[in-house]
Amino acid sequence: MNNHKLFLAASAVAIAAVAVAAPVSASSEYTFTDVGVRYERAVSFLYEYEIIQGVSATKFGTQQVLTRGDAAVILANTLELDTTAAPDAGFKDLNTRVRGSVNALAEVGIASGVTKTEFKPSEPLSRGAMAKFLVSSFGLEDYQEKTPFTDVGGVFQPYIESIYGTKITSGKTPTSYGTYLNITRGEFANLLYNTINFVIDNTYSPDLSNSEAINPTTSSITFSLPVPEEYTAADAGDFFYYSIKFEDGTEVEMTPTSFTFSDNRRVLTFEHPNADLSGKAGVIIVEDFEYAYDIPFDFK
C-alpha cells in the first residue's frame, strides 16, 4: 500500500469519526424500507457520507447479493480515490458506472481481475474476496491470526486470517468461514462500517506543534509528544501527505526520500531533494488525518 493510499484511507475514516461517535437519525438520511435494525446503523452512516447508495429510492437491497462491481464503487468512495484520472487497468468487461472505481482500485493495488482482461463486475462477491478487499484497502495485513476454519485456504487465506484477527467478522459456524459463499449488501455494509470503526480505534493520530524549512531540500516537523517507540521515522513520515504551494499559486505533490528522528523522538526531519526549493518561496503543506500544517519557506 503506497503512502498516498494510506493517507486517503486514513482521511476518509477520520472525516467519518465524528459521526461514529454520535449516531445520526436514519429517518433524516434515507427512505429505504428494507433496512432492519441489524443494518440500520451501518447503512445510515455509509449513506450519510455518500459512500453507499440504494438500489432504488426506497430499497437498499439489504438481502441482495453484492456484485464485484458494486463493491469496487463502494470502496473507491470510501477511500476517496480519483476515479477519473486512474489509468486503464486493462479489463475489457467494465461498464461506465464501475470502470473508474475499478481502475482506481487497481492503480493502488487493491483490485485485481478474475483474469488479466476480465474483472467480472456483475459476478457476486464472495466472503473470501470481501476479506481481500477490506484487508487490502485498510492495510490490515499485520493482524493475521490462525483461524479454526476448515474451509480457509488458497489465495484468500491470509486475508481471511487478517480479518479474523481484527475480530471485525467471524465465521458462518465455529469451523466454517464460508469462503466461497456470496455476501449480501447488508452484510457488506456492516463489515465496512465495522472496519472503519476498527481503523479509527487503532490508528495512531500524531499532533504537530511546530514545523520548519531548514534548507531548500530539508524540512522538519515537531510533534507535541514523542512518537511511540513502535513507529520508525519512516512510519511517522507516512502518516502525512506532502505538497508544495508556491507563491504564484501553483501546487505540486512532494515525496520525501528519507526521514530521521531526533533523539527525543519529537522532531522528524525529512529530505526532499526531488523538490529543491532553491530560489523559490511559498509553503510546504503537511496534511495528517484531520489538519493541514503550513511550513513557509523563502529561498530566493
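Strands β1 and β2 (residues 218-223) run antiparallel and are joined by six bridges. They belong to an open sheet of four strands, ordered β1-β2-β6-β5, with antiparallel pairing. The model is a predicted one. The briefing covers this sheet, two residues with positive phi, a buried threonine and a pocket.

**Sheet layout**

- β1 (208-215) and β5 (258-261) are the edge strands, and each of them pairs on one side only.
- On average, neighbouring strands in this sheet are turned by 20° against each other, with direction ignored.
- Five bridges hold the pairing of β2 with β6, again in the antiparallel sense.
- β5 and β6 also run antiparallel, and four bridges join them.

**Register across the strands**

- A213 stands opposite S219 in β2.
- S219 in turn stands opposite F270 in β6.
- T260 has T269 of β6 as its bridge partner.

**The two faces of β6**

- In a regular strand, side chains alternate between the two faces of the sheet.
- Strand β6 (residues 267-271) shows such alternation along its length.
- L268 and F270 point to one face and are buried.
- V267, T269 and E271 point to the other face and are not buried.
- F270, which faces S219 across the β2-β6 pairing, is thus on the buried side of β6.
- T269, the bridge partner of T260, is on the side that is not buried.

**Positive phi at R265 and K120**

- R265 lies in the loop between β5 and β6.
- The hairpin of these two strands has five residues between them, and R265 takes a positive phi near 60° there.
- R265 is a residue other than glycine with this positive value.
- Is R265 buried or exposed? R265 counts as buried because its relative accessibility is 14%, and the cut-off for buried is under 20%.
- K120 is not a glycine either, yet has a positive phi of about 55°.
- K120 lies in the loop between α4 (96-107) and α5.
- The relative accessible area of K120 is 27%, so K120 is partly exposed; that class runs between the 20% and 50% cut-offs.

**T67 and its polar contacts**

- T67 lies in the loop between α2 (37-48) and α3 (68-78).
- Its relative accessibility is 18%, so T67 counts as buried.
- What does the side chain of T67 reach at 3.1 Å? The partner is the backbone nitrogen of D70.
- The side chain of T67 also reaches the backbone oxygen of P121, at 3.5 Å.
- The 3.5 Å value for P121 still counts as a polar contact, because the cut-off is within 3.5 Å.

**Second largest pocket**

- Rolling a probe the size of a water molecule over the atoms shows where empty space is left.
- The second largest pocket holds about 310 Å³ of space.
- It is lined by 15 residues, and R68, V114, S126, A129 and F156 are the closest to its centre.
- Which helix gives the most to this lining? Helix α5 (residues 127-138) does, with three residues.
- By class, the lining has eight nonpolar residues, four polar ones and three charged ones.

Methods:
Residues are numbered from 1 along each chain as its sequence is written. This is a predicted model: local features need pLDDT of at least 70, side-chain atom pairs count only at pLDDT 80 or more; totals for chains, interfaces and linings use all residues. Side-chain values use heavy atoms; hydrogens and water are left out. On a 1 Å grid over the protein atoms alone, a cavity is a set of points where a 1.4 Å probe fits but cannot get out, and a pocket is an open set with protein on both sides within 12 Å along at least five of seven lines; lining residues have an atom within 4 Å of a point. Grid points are joined across faces, edges and corners, and a volume is the space filled by probe spheres set on the points. Ala, Val, Leu, Ile, Met, Phe, Trp, Tyr, Cys and Pro count as nonpolar, Asp, Glu, Lys and Arg as charged, and the others, Gly among them, as polar. Two strands pair if DSSP finds at least two bridges between them. Axes are lines fitted to C-alpha atoms, for helices over the stretch in contact, and angles run from 0 to 180 degrees between N-to-C directions. Buried means under 20% relative accessible area, exposed over 50%, partly exposed in between (1.4 Å probe, protein chains only). A polar contact is a pair of N or O atoms within 3.5 Å; within protein, one must be able to donate a hydrogen and the other to accept it, and residues adjacent in sequence count only if both atoms are side-chain atoms.
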